[in-house]
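Visitor: I have a model open and would like a walk through its helices, strands and charged pairs. Could you take my questions one at a time?

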Amino acid sequence: MFTLAEVASLNDIQPTYRILKPWWDVFMDYLAVVMLMVAIFAGTMQLTKDQVVCLPVLQSTVNSKAQPGTSGKADFTTVETTTGQGEDVSVRTVSFGSAPTVTPDVPLSRATSSQYQPTESGQELKKEQKDSLGRKTNLDFQQYVFINQMCYHLALPWYSKYFPYLVLIHTIILIVSSNFWFKYPKTCSKIEHFVSILGKCFESPWTTKALSETACEDSEENKQRLTGAQSLPKYVSTSSDEGSPSASTPMITKSGFKFSADKPMIEVPSVTILDKKDGEQAKALFEKVRKFRAHVEDSDLIYKLYVGQTVIKTVKFIFILCYTANFVNTISFEHICNPKVEHLIGYTQFECTHNMAYMLKKLLISYISLICVYGFICLYTLFWLFRIPLKEYSFEKVREESSFSDIPDVKNDFAFLLHMVDQYDQLYSKRFGVFLSEVSENKLREISLNHEWTFEKLRQHVSRNAQDKQELHLFMLSGVPDAVFDLTDLDVLKLELIPEAKIPAKISQMTNLQELHLCHCPAKVEQTAFSFLRDHLRCLHVKFTDVAEIPAWVYLLKNLRELYLIGNLNSENNKMIGLESLRELRHLKILHVKSNLTKIPPNITDVAPHLTKLVIHNDGTKLVVLNSLKKMTNVAELELQNCELERIPHAIFSLSNLQELDLKSNSIRTIEEIISFQHLKRFTCLKLWHNKIVNIPSSITHIKNLESLYLSNNKLESLPAAVFSLQKLRCLDVSYNSIALIPVEIGLLQNLQHFHITGNKVDILPKQLFKCVKLRTLSLGQNCITSIPDKVSQLVQLTHLELKGNCLDRLPATLGQCQLLRKSGLVVEDHLFDALPSEVKEVLNQDTSIPFANGI
């Protein structure tokens with residue numbers, strides 16, 4: 001039999017998982033304990049006091065051998081029992097009739113083992129007893145014990161004997177069934193995790209202190225915002241309301257508030273900042289809840305297992321009730337026993353008494369009563385399980401009672417666990433719902449973020465960019481710290497990978513802000529902040545993965561000058577682009593699109609004719625359709641980079657205002673169409689670098705106004721004389737080709753200031769090169785040049801000279817006569833520089849600030 005310690009271990013889980021034990025489970029546990037005590041009590045009494053006492057049934061015996069009398073009547077024999085000296089019991093037979101039969105007195109033990117044998121004389125029997133020798137054995141007592149044991153098993157019903165053990169087994173099965181879902185591995189791990197998280201969420205300072213301070217009503221938030229707005233410089237929009245965002249614009253919408261000069265502003269107490277440790281614990285809880293929800297909502301195993309064990313208990317109740325009720329009447333005090341041992345005892349029938357019958361019957365009735373109560377509770381549990389959809393849980397009441405209106409409804413096992421917790425205390429699920437709300441999480445992040453990123457820390461991250469502007473770059477934060485908007489002298493603000501970025505009204509303090517970067521950051525703005533950005537922002541960079549990440553308010557910044565869009569804008573998504581809203585960007589001059597377009601979207605060319613610069617950087621995707629470019633008559637700069645173009649598009653020649661064309665990183669092999677540039681009177685710069693051009697056509701001479709020609713990283717082997725007829729040419733870049741000779745006609749380019757021929761096969765420098773006295777940059781590196789002529793001294797305006805990677809033995813001493821050349825601008829091997837005369841090195845090592853101070 002089980003010990004109490006072993007049985008009690010089945011209920012060890014109750015203190016741990018008590019919040020998942022509804023009242024019926026608790027009540028059934030107590031009923032099981034009572035039934036267990038009934039079983040133990042009945043078993044204990046049965047082991048100690050359960051006895052059956054049996055006595056033989058004495059019947060009137062008719063002497064079948066009696067002789068017939070004269071009167072014809074039967075003889076009646078009376079058996080009289082007398083007690084003589086000692087303990088021997090003798091039987092005397094008194095006969096009534098004409099022919100009495102004399103029965104000697106013999107011991108009862110002998111009489112029960114054999115039939116009464118008549119003797120001729122009682123005196124002879126007494127004499128025989130006196131003469132017999134032996135030891136008393138109390139055989140009569142052993143015979144009754146024997147009969148009691150036999151009748152206990154033969155006459156007593158089986159239920160009277162095994163009732164305590166059956167109750168014990170049934171009770172253990174019910175206990176196991178009630179707690180099986182706490183022990184089954186696939187459910188135990190989830191339940192343990194849930195209880196652990198639930199307890200931490202309930203006791204978290206975020207749900208006690210911070211929640212009560214941040215989950216305020218909208219009116220309080222408005223009061224706090226207005227109080228802060230009084231300390232800000234009053235901003236008045238100079239624009240009309242025609243650029244106001246539509247209802248679909250992702251802005252932070254707040255209820256309208258009224259300004260009143262009569263009523264004093266009520267100050268709202270500042271939000272208490274959580275300790276750093278408490279904030280980190282709360283953030284970890286949000287992450288745990290998110291992962292636990294994703295793990296548990298996928299299945300309904302816990303629900304099915306709980307329903308299954310409840311069905312098993314109900315079936316068990318019906319089974320116990322059905323077979324137990326039939327045995328109530330079988331437990332009785334008196335029983336008739338026929339042991340069939342007449343040859344040993346001399347009696348065929350015994351009447352037995354069961355001294356525990358009354359108690360067992362009462363215990364059985366009590367047990368049946370407990371089982372009935374247990375069964376009705378099981379039926380109620382089944383009714384509760386199927387009455388409402390327990391695999392769905394709604395936080396509607398919590399959403400109504402709190403400011404967290406975004407708490408999502410949950411399903412499957414997650415919902416079932418919350419329903420079970422509600423039976424314990426609904427406060428648990430209410431507080432737990434806080435950690436399912438993104439609004440709550442964002443508020444916590446905001447508090448932690450403002451605690452970590454103070455004004456002093458942000459000031460340390462401000463730097464100067466290449467344009468000498470103050471720039472702040474925030475990367476992978478949970479939001480935008482409030483202290484950012486106190487940096488009133490900031491020029492450039494970069495927000496990268498901040499999915500919950502919000503721009504409040506405080507941005508109106510940043511009067512110097514003109515450039516904003518949103519890299520994978522779909523920022524939301526308040527109405528006042530939008531009005532400020534609409535009137536002040538000049539440059540906006542938006543980097544995105546999907547076009548839906550582009551904030552809708554971007555297309556309403558009517559004073560925007562430059563817009564940079566970097567992301568996926570393929571043909572399937574072109575229809576989704578809100579570029580038709582560019583119509584509102586009346587002052588937009590520069591549009592930079594870095595994507596994978598197959599054609600220039602008509603939206604751009606139709607609604608943005610005012611663009612002066614269009615840049616399209618394709619990611620190796622072939623740009624096929626370019627006819628829509630003809631409509632962009634105001635474009636002065638056009639860049640079509642990495643678009644897999646094989647020729648110069650004819651649509652470009654219709655851009656009468658075009659000044660600069662950049663076709664970098666394409667697949668152009670021939671440029672015969674270059675003659676058409678002669679019709680573009682303002683065209684001055686042509687960039688064809690990183691292509692596959694083999695030669696330059698002589699028709700290039702017709703582009704009289706060309707000032708810059710970039711042909712680096714091509715397959716040129718020579719420079720035609722027609723290039724040197726371009727008298728206005730200031731910059732010529734033919735680096736990284738296969739050119740072996742610099743034509744002497746280069747001396748005709750009197751306005752040439754920058755000449756790059758690095759990475760070619762040049763071995764001799766013509767003297768005419770040094771007639772280009774306006775040269776400021778001369779790149780001759782990675783060639784086969786063996787010497788530098790002394791006439792290099794004629795280049796008095798030279799500031800940058802690259803000679804590294806040639807076959808030079810020495811440098812001319814006349815380098816010292818290049819007044820503007822310094823060591824920082826001389827790119828050459830160290831040993832060649834060290835071989836220069838000391839006075840030349842001294843000149844080259846002079847401070848470069850001196851000549852610039854003179855205005856050179």
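Visitor: How are α6 and α7 oriented to each other?
Guide: Keep in mind that this is a predicted model, where local features need pLDDT of at least 70, side-chain atom pairs count only at pLDDT 80 or more, and totals for chains, interfaces and linings use all residues. Residues are numbered from 1 along each chain as its sequence is written, and side-chain values use heavy atoms, with hydrogens and water left out. The axes of α6 (158-183) and α7 (185-203) come within 6 Å and cross at roughly 70 degrees (lines fitted to C-alpha atoms over the stretch in contact, angles from 0 to 180 degrees between N-to-C directions). With 65 to 115 degrees counting as roughly perpendicular, α6 and α7 are therefore roughly perpendicular.

Visitor: Which residues of α7 make that contact with α6?
Guide: Contact here means heavy atoms within 4.5 Å. From α6 come Trp-181, Phe-182 and Lys-183, and α7 answers with Pro-185, Thr-187, Cys-188 and Ile-191.

Visitor: And how does α11 sit against α15, oblique or parallel?
Guide: α11 and α15 (412-424) pack with their axes 7 Å apart, at an angle of about 55 degrees. Under 35 degrees would be roughly parallel, over 145 roughly antiparallel, and what falls outside those and the perpendicular range is oblique. So α11 and α15 are oblique.

Visitor: How many nonpolar residues are in the contact of α11 with α15?
Guide: Leu-301, Ile-302, Tyr-303 and Tyr-306 of α11 meet Asp-413, Phe-416, Leu-417 and Met-420 of α15. Ala, Val, Leu, Ile, Met, Phe, Trp, Tyr, Cys and Pro count as nonpolar, Asp, Glu, Lys and Arg as charged, the others, Gly among them, as polar. That gives no polar residues, 1 charged and 7 nonpolar.

Visitor: What is the end-to-end C-alpha distance for residues 364-386?
Guide: An unreviewed UniProt entry puts "transmembrane region" at 27-47, 162-182 and 364-386; such annotations may be inferred rather than shown by experiment. Residues 27-47 are 100% helix, with end C-alpha atoms 30 Å apart. Residues 364-386 are also 100% helix, and there the end C-alpha atoms are apart by 33 Å.

Visitor: Which strands are at the edges of the sheet β1-β6-β5?
Guide: This open sheet of 3 strands has antiparallel pairing, where two strands pair if DSSP finds at least two bridges between them. β1 and β6 (350-354) share 5 bridges, with Val-52 opposite His-354. The strands that pair on one side only are β1 (52-56) and β5 (334-337).

Visitor: Which strand runs parallel to β10?
Guide: β9 (463-464) and β10 (470-475) run antiparallel, joined by 2 bridges. They form a hairpin with 5 residues between them, and Asp-468 in the turn has a positive phi of about 60 degrees. On to the parallel partner: Glu-471 has Val-492 as its bridge partner, and 5 bridges join β10 to β11.

Visitor: How many residues apart in sequence are the parts tied by Lys-391 and Asp-300?
Guide: The whole structure has 16 salt bridges (a side-chain nitrogen of Lys or Arg within 4 Å of a carboxyl oxygen of Asp or Glu). One of them joins Lys-391 to Asp-300, with the closest N and O atoms 3.0 Å apart. Lys-391 lies in the loop between α13 and β7 and Asp-300 in the loop between α10 and α11, so the pair ties together parts whose separation in sequence is 91 residues.

Key:
Helix = DSSP H or I, 4+ residues; strand = E, 2+ residues; numbered from the N terminus.
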